[in-house]
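Let's take a friendly walk through the aromatic side chains of this protein. Please have the sequence and the structure open as you read.

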Amino acid sequence: MKVAKQHDIKKTDKKTLEKWLHLMILGRMIDERAPNYLKQALGWSYHAPYAGHDAIQLAIGQVFDRKTDHMFPYYRDMLTALSAGLTTEEILLNGISKATDLASGGRHMSNHFAKPEWNIHNVSSCTGNHTLHAVGVGRAMKFYKHKGVAISSQGESSVSEGYCYEAINGASNEKLPVVFVFQDNGYGISVPKADQTANEFVCDNFTGFKNLQIVKCDGKDVFDSMNTMIAAREHALKNSEPVIVHAMCVRIGNHSNSDNHEWYRDEKERADAKAQDPLAKFKNDLLKAKIFTDKEIAKIEEKAKAELLEAHAKAVKAPNPTPESIYDHVLPPAYEPQKYVDGTHNETSEPKKFIDAINGTLKAEFRHNPNTFIWGQDVANKEKGGIFNVTKGMQQEFGKGRVFNGPIAEDYILGTANGMSRFDQDKIRVVVEGAEFADYFWPAMEQFVEMSHDHWRSNGAFSPNVTIRLASGGYIGGGLYHSQNIEGTLCTFPGVRVVVPAFADDAAGLLRTAMRSQGCTVYLEPKALYNAKHAMTPIPEDFEVPFGKARVRREGRDLSIITYGNTVHFSLEAAELLAKEGFEVEVLDLRSLNPLDLDAIVATIKKTHRALVVHEDKVFGGFGGELVGQINEHAFEHLDAPVRRVGSTFTPVGFNRILERAILPDMNKILVAARELLNY
């Protein structure tokens with residue numbers, strides 16, 4: 001990739017040079033003042049000084065087009081944000097965590113800069129994970145033929161993270177307009193670059209990638225940085241392919257205000273770093289070229305100081321977040337069914353299979369919203385539609401732009417879903433098969449956690465509108481990594497919904513609601529039910545099930561079985577047998593775990609005064625423990641016996657069917673526990 005010299009000290013007009021110098025001086029003043037806010041107990045408890053990265057950050061911000069581009073800065077990108085157009089006051093509001101902070105309303109760590117209206121995104125503290133979001137935005141830009149680029153900025157050490165490799169590999173494979181900027185200062189906190197990678201330049205780790213341009217620049221030099229960033233953006237825009245800009249910088253000070261670089265950098269190294277100060281060099285170059293005089297530079301410094309003091313006076317008077325606001329924006333708005341408000345129906349048509357309910361609803365929703373997409377591992381190759389053929393026929397009807405395979409990289413599948421929805425969160429809805437089996441979801445957990453607090457962290461500005469489909473549970477002889485249940489773990493995260501249908505109609509209704517809602521929903525599919533006759537039901541064409549609404553599957557007066565997923569069916573069988581013994585057992589199918597229908601749980605216990613919690617997952621540490629806790633807290637006075645639980649033994653699920661039967665709950669185990677409670 002050729003880098004044209006559009007700017008140098010002679011070509012660039014004085015007005016532009018003055019603007020750049022003003023930004024650099026002002027940024028450095030804020031950078032140096034930031035630790036004082038902590039000393040004065042005003043905030044800025046985390047500050048990563050950018051001094052030494054000045055030139056490349058100035059260039060990133062100047063090249064960014066707020067009307068067409070999307071930017072993902074990292075925690076050291078203060079001057080990037082300032083150069084992109086954030087005001088000094090906006091920077092300070094973020095630093096001292098005020099309620100009017102654009103990035104998060106004071107909810108996120110300081111030094112995480114954003115401006116949603118300009119598509120400068122609030123990124124997390126997990127270093128480098130926003131590379132995946134940038135790739136997702138790039139995918140949307142390509143699909144919608146949008147003329148813009150996604151810019152992802154990070155330190156060189158974060159490139160060691162696996163998801164950074166996934167992002168760059170995916171961007172090069174899909175040929176997406178993404179500019180990855182590596183700001184290389186030689187250290188990851190105190191860890192030298194030599195402990196991160198064998199190459200002197202981290203970008204050289206990617207030299208074998210096709211459709212990828214790599215260019216190096218001096219991140220301490222304003223003109224080299226500016227010319228390189230201009231060329232990188234133009235190349236990504238013109239050729240729709242990613243570019244890595246590797247900018248050599250220097251870290252003049254500590255990694256952050258919790259670090260002391262004197263513990264691992266000797267006096268000579270620290271002095272050498274200071275001697276390479278980009279701001280001092282830029283000033284000296286301008287003076288030598290006689291473009292500015294000392295007096296003119298002093299005037300610019302005075303102006304910057306006055307601007308900072310004025311912004312400070314306004315920022316410290318800004319309101320703080322209120323304690324009660326912690327409950328705002330935990331979950332984005334869910335779609336509210338209008339016709340089937342309680343998630344029940346009176347349809348009498350031919351019963352359909354669970355798997356056909358999912359497939360049919362996916363297709364119906366893709367027709368309903370042309371801005372709906374699905375990808376995952378093995379979801380679309382000729383006649384193949386996923387490992388269980390749930391997505392069969394979708395690519396043929398909706399095309400490869402909307403239905404396609406992802407690489408075997410669960411983090412990439414989920415992270416790019418987050419990113420793609422950022423391009424237009426009002427329209428775009430994404431469904432992913434987060435992993436071929438729920439057991440394989442763990443590599444995506446970092447991105448799942450990211451999604452869980454995106455809406456809250458951005459103070460309601462952004463919600464990742466993603467439905468995560470996962471084939472879950474046992475009873476198929478699948479064994480390890482093919483039969484585990486993970487809902488107990490997933491439900492501990494606020495900010496996501498978790499649903500588990502047990503019948504075909506609920507499979508359709510919950511999926512429709514998830515795909516029309518804002519935010520992230522984990523949609524667990526008990527795969528043993530895909531073709532099970534006992535899970536078949538009639539399904540209204542437009543059926544919807546609201547979140548947080550349980551369903552009484554069988555009325556009773558003597559005992560309440562509270563259950564979900566595969567064990568709903570065992571519970572119903574057990575209830576039928578107990579009826580022959582003279583006991584009427586009520587079976588409550590939760591359907592939705594988060595949010596949970598606590599009212600329905602309390603109501604059933606008020607009727608029967610006995611509760612048996614049944615689920616497929618392990619009893620120890622499983623979701624049933626939370627259900628028991630909620631029952632004891634909200635319905636204890638209605639109980640005539642202790643709450644019992646039935647679930648799997650505290651072992652992994654075995655592959656051999658004999659072992660599987662010994663581990664998993666079944667009708668007989670439910671009968672034993674139910675009889676003990678009924679005779680208590």
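What follows looks at ring pairs, their exposure and the charges placed over rings.

This is a predicted model. The count of aromatic pairs in it comes to 26. One of them joins Phe206 and Phe209: their planes stand at 90°, over the 60 degrees required, so the pair is edge-to-face. Its ring centres are 5.4 Å apart. Phe206 is buried, with a relative accessibility of 0%, whereas Phe209 has a relative accessible area of 24% and is partly exposed.

Next comes a pair of tyrosines. The planes of Tyr440 and Tyr481 meet at 25°, which is under 30 degrees, so this pair counts as stacked. The centres of these two rings are 5.3 Å apart.

Where in the chain do Tyr440 and Tyr481 lie? Tyr440 belongs to the loop between strand S10 (429–433) and helix H14 (445–457), and Tyr481 to the loop between strand S11 (466–472) and helix H15 (487–490). With their positions 41 residues apart, the pair links distant parts of the chain. Both tyrosines are partly exposed, Tyr440 at 30% relative accessible area and Tyr481 at 48%.

These tyrosines also belong to a cluster: ring pairs link them with Phe354, Phe388, Phe437 and Tyr530.

Finally, here are charged residues that lie over the face of a ring.

| Charged residue | Ring | Distance from ring centre |
|---|---|---|
| Lys14 | Phe292 | 5.1 Å |
| Arg516 | Tyr335 | 5.5 Å |

Definitions and conventions: Residues numbered from 1 in each chain as written. Predicted model: local features only at pLDDT ≥ 70, side-chain atom pairs only at ≥ 80, totals over all residues. Heavy atoms only, no water. Phe/Tyr/Trp six-rings, centres within 6.5 Å; stacked < 30°, edge-to-face > 60°. Buried < 20%, exposed > 50% of the residue type's maximum accessible area, 1.4 Å probe, protein only. Helix = DSSP H or I, 4+ residues; strand = E, 2+ residues; numbered from the N terminus. Lys NZ or Arg CZ within 6 Å of the ring centre and 35° of its normal.
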